[in-house]
Amino acid sequence: MADLKLLYRELVSLEIELWSGIEGRLRAEYDLPLTSFEVLHLLLRRPGPRIQDIAEEFSITVGGTSKAVDRLEAAGLCERRANPNDRRSSVVELTPEGRKLVDGALKVFEEELDLRIGSVIPERSVREVTAVLTTLRAAGRALDAERKAAGQTPVPGGRAPKQPGRPAS
């Protein structure tokens, strides 16, 4: 029988070590936290997302996303612009300084990924592991949505489900 607790520990430990290793290099070479790099990298890949789009991409709250974008905007790395498709929202775009920073940091990010993953397991294994993790994440999101719809469990960043016999707040 599969030891799911061991798999869990290995996945979490890998994530922590991978995050720490990549962030260490980004901070040393660009004074850039990995969280900030992730947002900037998304803006490079998908120009003009809304705060909501960024939050959904990283499975984090809109409030947390807005604060992260505020910090990047204050540093002159991105800016909010009026959303041409919806006057009630804005889109986030890289500034020229942000593009220059993320272009350089992306090289460091890719080097670390190659050192920590690509040089350790073959390309075919990378594809297989990626497919398995994608399946697990999709199943987890489906389970969370199902539970949320049934009012069983709060979803991170969401409201707690209504308690029986108590009015919604």
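Author: Two residues are in contact when they have heavy atoms within 4.5 Å of each other. Keep that in mind, and remember that this model is predicted.

Reader: Which residues does Val108 contact, leaving aside its neighbours within four places in sequence?

Author: Arg25, Leu26, Glu29 and Tyr30. Val108 itself lies in helix H5, residues 96-118. Take Leu26: it is 82 residues away from Val108 along the chain, but their C-alpha atoms are separated by 6.9 Å.

Reader: Why is Val108 called buried?

Author: Buried means under 20% relative accessible area. Val108 has 4%, so it is buried.

Reader: What makes Arg25 and Glu111 a salt bridge?

Author: The test is a side-chain nitrogen of Lys or Arg within 4 Å of a carboxyl oxygen of Asp or Glu. Here the N to O distance is 2.7 Å. The pair passes. This bridge links distant parts of the chain, with Arg25 in helix H1 and Glu111 in helix H5, 86 residues apart.

Reader: Is Glu111 buried or partly exposed?

Author: Partly exposed. That class lies between the buried limit of 20% and the exposed limit of 50%. Glu111 has 42%, so it falls in between.

Reader: What other salt bridge does Arg25 make with a residue of H5?

Author: One with Glu112, at 3.0 Å, N to O. That pair also spans distant parts of the chain, 87 residues apart. Both Arg25 and Glu112 are buried. Arg25, Glu29, Glu111, Glu112 and Arg116 are linked in a network of salt bridges. The structure holds 15 salt bridges.

Reader: How do you know that Glu79 and Arg81 meet in a salt bridge?

Author: Use the 4 Å limit again. Their N to O distance is 2.3 Å, and the pair qualifies. Glu79 has 27% relative accessible area, so it counts as partly exposed. Arg81 has 42%, so it counts as partly exposed too.

Reader: Why does Glu38 have no salt bridge?

Author: The nearest side chain of opposite charge is Arg45, 5.1 Å away. A bridge needs 4 Å, so the pair fails the test. Glu38 is buried all the same. Not counting residues up to four places away in sequence, Glu38 touches Phe58 and Phe109.

Reader: What makes helix H2, where Glu38 is found, largely enclosed?

Author: Count the buried residues. Nine of its 12 residues are buried, so the rest of the structure largely encloses H2. Among them are Leu34, Phe37, Glu38 and His41. The cover includes H1, H3, H4, the strands E1 and E2, and H5.

Reader: How do you know that the span of H2 agrees with its number of residues?

Author: The expected span is 1.5 Å times one less than the number of residues. For 12 residues that gives 16 Å, and the end C-alpha atoms of H2 are 16 Å apart, so the two agree.

Reader: Why does Leu136 count as partly exposed?

Author: Leu136 has 48% relative accessibility. The exposed class needs over 50% and the buried class under 20%, so Leu136 sits in between.

Reader: What makes Leu136 fit for a nonpolar patch?

Author: A patch residue needs over 30% relative accessible area and no salt bridge. With 48%, Leu136 clears the area limit. Leu136 lies in helix H6, and the patch also includes Leu4, Val120 and Leu133. Together the patch has about 760 Å² of accessible area. Two elements, H1 and H6, give two or more residues each. H6 gives the most, with four.

Key. Residues numbered from 1 in each chain as written. Predicted model: local features only at pLDDT ≥ 70, side-chain atom pairs only at ≥ 80, totals over all residues. Heavy atoms only, no water. Patch = residues over 30% accessible without salt bridge, like charges linked within 9 Å, V, L, I, M, F, W, Y side chains within 5 Å. Areas by Shrake-Rupley, 256 points an atom, 1.4 Å probe, with all protein chains shown as cover. Buried < 20%, exposed > 50% of the residue type's maximum accessible area, 1.4 Å probe, protein only. Lys, Arg positive; Asp, Glu negative; His and termini not counted.
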